[in-house]
Amino acid sequence: MRKFCFLFFTMSSFLLSVPMSAQQQGFVHETSSEYTAPEDPAVIEKLEQWRDLKFGVLIHWGLYSVPGIVESWSICSEDVDWIRRRDDMSYDEYKQWYWGLKDIFNPVDFDPEAWAEMIAGAGARYAIFTSKHHDGFCMFDTDETDFSIASGPFGENEKADVLKHVLNAFRHNGIMPGVYFSKPDWHCPYYWDPHYATPDRHVNYVIDRHPESWQKYSEYTKRQINELTTRYGDIDILWLDGGWVAAPDEDIDMDGIVAMARRNQPGLITVDRTVRGKNENYLTPERSIPKTQLPYPWESCITMTNDWGWVPDAQYKSSAKIISLLSEVVAKGGCLLLGIGPDAKGVFEDKVADTMAEIGRWLDVNGEAIYGAGVLEHYNDGLVWFTSSEDGKKVYAIQTVDDATGEIPASVNWSGNLPSGKMKLLQTGKKVGYKIEGNRVTVKLPSGVNRKEPLVFVYEL
C-alpha cells in the first residue's frame, strides 16, 4: 500500500533514532527508541486502516477544565516551572481543593453530537477521548470509584456517562473511536497511599514492602480497562498514557491487560506510549515532528493552543499552520493528532470551531493529497512537502505557509520531483503554468489565489 509497508511487516523489532524538529514547548513525554511490530493479523489490518486516516483529534476534558489549568499536573508536587499552583494554599490544601472540583463540575451544555459533527467537519477521521487522566477523575460511569463525572452534580443528567455518548457520536459521524486512559491514578489509594507523602508522579510507597497494595492497584486498573472494552461498543484504539507505570519498577502486567482487552475488542490497537515493546503499536512524538521519514507507524500529537485542555485566553495556531503541520507529518509517513478541549460547561470556544471548519474546507478540496497518501523518497524541499497517490501515479506538491509571513511565498518553486506533463492546482482542477531550469521547477501562480493557506499542485513525474 505504501513504500514503508514492507519494512513494517518484515522487521519485528529494531532500534531507531528519532530526531525531532524544533516545535517542542513545555513538558513532553519522551518518544520510545525501539519499535516492535505486532504479529496479530487483526491488529496489523486495523493499524493499516488507521495509518491511512492521517488526521485525528484528541480531546482532554476533566476536573482541570473547571478552573482552566494544566491537566492534572498541578496536584503533582514536582518542582518544575510548567507545574503551577495557587499561592494562597499549602500543597495539601491545594490537593483537597482540586479534588473538591468534582462537586461543582456540571457540564450542562455538553453536546457530543455537536462535537462529533465539528470533528468530522474538520476532516478528522479518528478521535480519542480522555476517559481518565492522571488525577484519576473518570469521565465514564465506573464501578471502581465514585470519583467520576457520573457521581457528581452531572450524575442525574441523561448524558452522565460521558464516554458512552462521546463514542456513540464518533461512530455515528464515521469517526474511528479511541479511548485515552491514564495508567497512573493519583486519586486511587493503592497508587498514592494517603499514609505517605506524594513527592512526585510515581507510586508513593515501596512496592516490595507493600505488594498487596500494588496487587490491588494492578487489579483496579485491569478492571477499569475491562469496563472500557466491554461496556462502550466497538473501540479501535486504546491510548495509554503515563509511561512510567511499566515493568520492571511499576509492573501492572500490561501484557495480561492487553490480552484481555483484545479478547474484548479483537484487532484493538494499543498505544502503551513511551513503553517500547509489543504493546506500543504506534509511536507518539509529543508536540514535535520527526526530522525525517520513519519506517513504522507513528503519530505526532500536537495541541491547537499551548495546552491540551481548555485554558482561558489561549493562543491558537492558525488553520494554515495546522494544515502545514499535517502536510509535513503526512509527507514523512505519519498521522497528526490535534489536541483540543472544551470548557467546564462542555463547550468548545468559537475559535476552536472556526479553526476546525477552516481545516475542513481545505481538506474538502485538497484531501486526496493527505488521506491514504503514499510517501516519496524525495519528500521535502524548503516549505514544499511531497506526497503521492496510493498507486504512485500522481505527485502532490504541497506549498505550506511561511511562519514568518503567515502566507506562502510569492514565488513557488522546488527542486526534484520534476513534472513531465501538465500540472493542476488541486483546489480548482485548473491547469497551471510552470518552467523547469536544471533540477528546479518554478510555478506560475494563478491570479487571485489565496496565499494565506497551503496550495497543492498535482502532476505526474
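# Exercises on a predicted protein model

**Exercise 1. Asp-364 and its surroundings**

At 66% relative accessibility, does Asp-364 count as buried or exposed?

*Solution.* The structure is a predicted model. The relative accessibility of Asp-364 is 66%. The cut-off for an exposed residue is over 50%. Asp-364 therefore counts as exposed. This residue is found in helix α9. As for its position relative to a remote part of the chain, Asp-364 and Tyr-190 are 174 residues apart along the chain, and their C-alpha atoms are separated by 49 Å.

**Exercise 2. The packing of two helices**

Determine how helices α4 and α9 are oriented to each other, and state which residues make the contact.

*Solution.* Begin with the geometry. Helix α4 spans residues 112–121 and helix α9 spans residues 350–366; they pack at an angle of about 40°, and their axes are 7 Å apart. Next, compare the angle with the cut-offs: under 35 degrees counts as roughly parallel, and 65 to 115 as roughly perpendicular. The angle falls in neither range, and α4 and α9 are therefore oblique to each other.

Now identify the residues. On the side of α4, the contact is made by Met-118, Ile-119 and Gly-121. On the side of α9, Val-352, Ala-353, Met-356 and Gly-360 take part. Finally, classify them: the residues of this contact comprise five nonpolar and two polar, with no charged residue.

**Exercise 3. The protein as a whole**

Decide whether the radius of gyration of the protein agrees with the globule rule, and describe the overall build.

*Solution.* First, list the secondary structure: the protein has nine helices and 18 strands. Second, compare the two radii. The radius of gyration is 23 Å, close to the 23 Å that the globule rule gives for 461 residues, so the protein is as compact as a globular protein of that length. Third, consider the extent in space: along the principal axes, the C-alpha atoms fill a box of roughly 75 × 45 × 40 Å.

Fourth, turn to burial and surface. Of the 461 residues, 59% count as buried. The protein exposes about 18,600 Å², of which carbon and sulfur atoms supply 47%. Fifth, look at the contacts between residues at least 6 apart in sequence: 72% of them join residues at least 24 apart.

**Exercise 4. The loop between β6 and α7**

Describe the backbone of the loop between β6 and α7 at Pro-248 and Asp-253, and the setting of Ile-252.

*Solution.* Take the background first. Most residues other than glycine have a negative phi, and most peptide bonds are trans.

Step one concerns Pro-248, which is found in this loop. A cis peptide bond joins Ala-247 and Pro-248, with omega about 5°.

Step two concerns Asp-253, found in the loop between β6 and α7 as well. Its phi is near 65°, a positive value in a residue other than glycine. With a relative accessible area of 42%, Asp-253 is partly exposed.

Step three concerns Ile-252, which also belongs to the loop. At 4% relative accessibility, Ile-252 counts as buried. Leaving aside neighbours within four places in sequence, Ile-252 is in contact with several residues, among them Trp-214, Tyr-217, Thr-221 and Ile-257. Ile-252 and Tyr-217 are 35 residues apart in sequence, and their C-alpha atoms are 7.9 Å apart in space.

**Exercise 5. The buried residues of helix α7**

Name the buried residues of helix α7 and find the elements against which they pack.

*Solution.* Helix α7 covers residues 254–264, and its buried residues are Met-254, Gly-256, Ile-257, Val-258, Met-260, Ala-261 and Arg-262. They pack against helices α2 (41–53) and α6 (211–230) and against strands β6 (237–241) and β7 (269–272).

Ala-261 serves as an example from this helix. Its relative accessible area is 0%, and Ala-261 is buried. Beyond its neighbours within four places in sequence, Ala-261 is in contact with Ile-225, Thr-229, Leu-238 and Leu-268.

**Exercise 6. Two further buried residues**

Where do Ser-72 and Val-384 lie?

*Solution.* Ser-72 lies in the loop between β3 (55–59) and α3 (91–99). Its phi is positive, about 65°, although Ser-72 is not a glycine. Ser-72 is buried, with a relative accessible area of 0%.

Val-384 lies in strand β11, which covers residues 384–388. At 1% relative accessibility, Val-384 counts as buried. Apart from neighbours within four places in sequence, the contacts of Val-384 include Ala-397, Ile-398 and Trp-414.

Key:
Residues numbered from 1 in each chain as written. Predicted model: local features only at pLDDT ≥ 70, side-chain atom pairs only at ≥ 80, totals over all residues. Heavy atoms only, no water. Axes fitted to C-alpha atoms, helices over the stretch in contact; angles between N-to-C directions. Helix = DSSP H or I, 4+ residues; strand = E, 2+ residues; numbered from the N terminus. Parallel < 35°, antiparallel > 145°, perpendicular 65-115°, else oblique. Contact = heavy atoms within 4.5 Å. Nonpolar A, V, L, I, M, F, W, Y, C, P; charged D, E, K, R; others polar. Rg over C-alpha atoms; globule rule 2.2 N^0.38 Å. Buried < 20%, exposed > 50% of the residue type's maximum accessible area, 1.4 Å probe, protein only. Areas by Shrake-Rupley, 256 points an atom, 1.4 Å probe, with all protein chains shown as cover.
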